[in-house]
Amino acid sequence: METFIKTGPFNPALTLTGGQAFRWARLTDTTYRGIAHGRVITVTAERNGIRLIGADPADLPLWREYFDAETDYAAITRCFSSDKILREACKFAQGLRLLRQEPFETLISFIISQNNNISRIRKIIDTLCRNFGAEIQKDCYGFPTAETLAGLDVAALAPLKAGYRAGYIINAARAVLHDEINLRDLFECDTTEARQRLMKFKGVGEKVADCVLLFAYGKATFPKDVWIKKALGEFYPDGLPDCIRGNEGNAQGIAQQYLFEFVRNRKT
């Protein structure tokens with residue numbers, strides 16, 4: 001089964017392995033295989049969009065949302081081009097798209113991401129899924145459910161080598177399972193309220209909350225990790241330019257990802 005999503009330019013390396021999601025693997029320069037929303041799928045970048053291989057046609061709306069197909073990135077980058085630094089960042093990160101991921105997986109993934117690098121995050125999450133996720137097909141495992149993780153103790157997570165994060169994972173799973181914090185409700189909350197609710201999870205600070213809000217809910221956040229703080233200090237000591245602050249929807253998050261890739265990977 002194959003289908004095509006028209007998105008305009010698509011850069012799979014920056015989108016799928018740049019730190020938004022952690023369950024994609026490169027097959028070739030243009031083709032990646034991953035697990036998302038409990039499904040195994042292969043995607044190939046084509047001239048004006050994304051070829052999905054192994055996707056059920058009934059799931060096309062899910063994948064259109066996952067790859068943010070309704071957002072006009074060309075229009076947003078034209079707006080960003082009024083700022084010199086963003087103009088360079090847009091050229092550098094052309095084809096990068098924001099992903100819309102499943103909330104619980106995103107929450108746990110970014111709890112794991114704290115004080116961690118992408119390679120190690122990927123390894124921890126892979127071990128988590130292999131040990132506690134359901135096998136979808138041979139050697140491919142779904143993300144563990146809140147119910148599964150809530151029934152574990154810290155010792156059970158020792159194979160992950162996640163350190164202090166293991167306790168945060170279990171506490172978050174138990175809070176979700178017992179509906180202490182309802183992740184579905186956050187879709188209806190404004191960004192400020194949703195952030196406050198997420199920060200009730202033990203181990204979730206503002207940066208992790210903003211990543212979850214951006215990559216699972218598509219809310220207008222601007223997560224500040226070490227690279228973004230570097231960009232703000234170097235390029236925007238007086239605050240973000242109007243072309244970012246004046247945009248609606250997830251444009252702030254798009255700008256954040258462009259700047260993240262530009263600052264992290266530029267040649268100085």
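**Figure 1. The second largest cavity has a volume of about 50 Å³.** As in every view here, the model shown is predicted. Lining this cavity are Gln20, Ala21, Phe22, Arg23, Gln101, Glu105, Thr106, Ser109, Phe110 and Ile125. Helix H5 supplies the largest share of that lining, with four residues. Sorted by class, the lining of the second largest cavity has four nonpolar, four polar and two charged residues. The structure holds two cavities of 30 Å³ or more, and the next view turns to the largest cavity.

**Figure 2. The largest cavity has a volume of about 70 Å³.** Its walls are made by Ala21, Phe22, Arg23, Trp24, Ile35, Ala36, His37, Tyr66, Gln101, Glu102 and Glu105. Six of these lining residues are nonpolar, two are polar and three are charged. If you have just come from Figure 1, look for some familiar names: Ala21, Phe22, Arg23, Gln101 and Glu105 are among the residues lining the largest cavity, and they are also among those lining the second largest cavity.

**Figure 3. Helix H5 (residues 103-112) is largely enclosed by the rest of the structure, because 10 of its 10 residues are buried.** The buried residues run from Pro103, Phe104, Glu105, Thr106 and Leu107 to Ile108, Ser109, Phe110, Ile111 and Ile112. Which helices pack against them? The partners are helix H6 (118-132), helix H7 (146-150), helix H8 (165-177), helix H9 (191-198) and helix H10 (206-217). At the N-terminal end of H5, look for the cap provided by glutamate 102: one of its side-chain oxygens lies 3.0 Å from the backbone nitrogen of phenylalanine 104. Glutamate 102 also appears in Figure 2, as part of the lining of the largest cavity.

**Figure 4. The largest nonpolar core has 74 residues, and Phe80, Leu107, Leu198 and Phe201 touch the most other members.** H10 gives this core its largest share, nine residues. A second, separate core has 18 residues, including Ala21, Tyr32, Ala36 and Ile41. Two names link this view to others: Leu107 is one of the buried residues of H5, and Ala21 helps to line the largest cavity.

**Figure 5. The largest pocket has a volume of about 470 Å³.** Its lining counts 26 residues, and those closest to the centre are Ser113, Asn116, Lys207, Asp225 and Phe260. H6, H10, helix H11 (226-235) and H13 each contribute at least two residues to the lining. By class, 11 of the lining residues are nonpolar, 10 are polar and five are charged.

**Figure 6. The second largest pocket holds about 310 Å³ of space.** Of the 17 residues in its lining, Arg23, Ala25, Ile35, Asp126 and Arg130 lie nearest the centre. Two or more lining residues come from each of strand E2 (24-26), strand E3 (31-36), H6 and strand E7 (140-141). H6 gives the most, with five residues. The lining of this pocket divides into nine nonpolar, one polar and seven charged residues. Arg23 and Ile35 may catch your eye again here, since both are among the residues that line the largest cavity.

**Figure 7. Glutamine 257 sits in helix H13 (residues 251-265).** Is this side of the helix open or closed at glutamine 257, in other words, is the residue buried or exposed? With a relative accessible area of 4%, glutamine 257 is buried, because that value falls under the 20% limit. Leaving aside residues up to four places away in sequence, glutamine 257 touches Gln20, Leu96, Leu98 and Phe215. Cysteine 211 is 46 residues from glutamine 257 in sequence, and their C-alpha atoms are 11 Å apart in space.

**Figure 8. Histidine 37 and asparagine 115 have positive phi values, although neither is a glycine.** Most residues other than glycine have a negative phi. For histidine 37, phi is about 55°. This residue is in the loop between E3 and strand E4 (39-46), and at 24% relative accessibility it counts as partly exposed. Asparagine 115 has a phi near 50° and lies in the loop between H5 and H6. Its relative accessibility is 71%, so asparagine 115 counts as exposed.

Terms used. Residues are numbered from 1 along each chain as its sequence is written. This is a predicted model: local features need pLDDT of at least 70, side-chain atom pairs count only at pLDDT 80 or more; totals for chains, interfaces and linings use all residues. Side-chain values use heavy atoms; hydrogens and water are left out. Buried means under 20% relative accessible area, exposed over 50%, partly exposed in between (1.4 Å probe, protein chains only). Contact means heavy atoms within 4.5 Å. A polar contact is a pair of N or O atoms within 3.5 Å; within protein, one must be able to donate a hydrogen and the other to accept it, and residues adjacent in sequence count only if both atoms are side-chain atoms. On a 1 Å grid over the protein atoms alone, a cavity is a set of points where a 1.4 Å probe fits but cannot get out, and a pocket is an open set with protein on both sides within 12 Å along at least five of seven lines; lining residues have an atom within 4 Å of a point. Grid points are joined across faces, edges and corners, and a volume is the space filled by probe spheres set on the points. Ala, Val, Leu, Ile, Met, Phe, Trp, Tyr, Cys and Pro count as nonpolar, Asp, Glu, Lys and Arg as charged, and the others, Gly among them, as polar. A nonpolar core is a set of buried Ala, Val, Leu, Ile, Met, Phe, Trp, Tyr and Cys residues joined through side-chain atoms within 4.5 Å.
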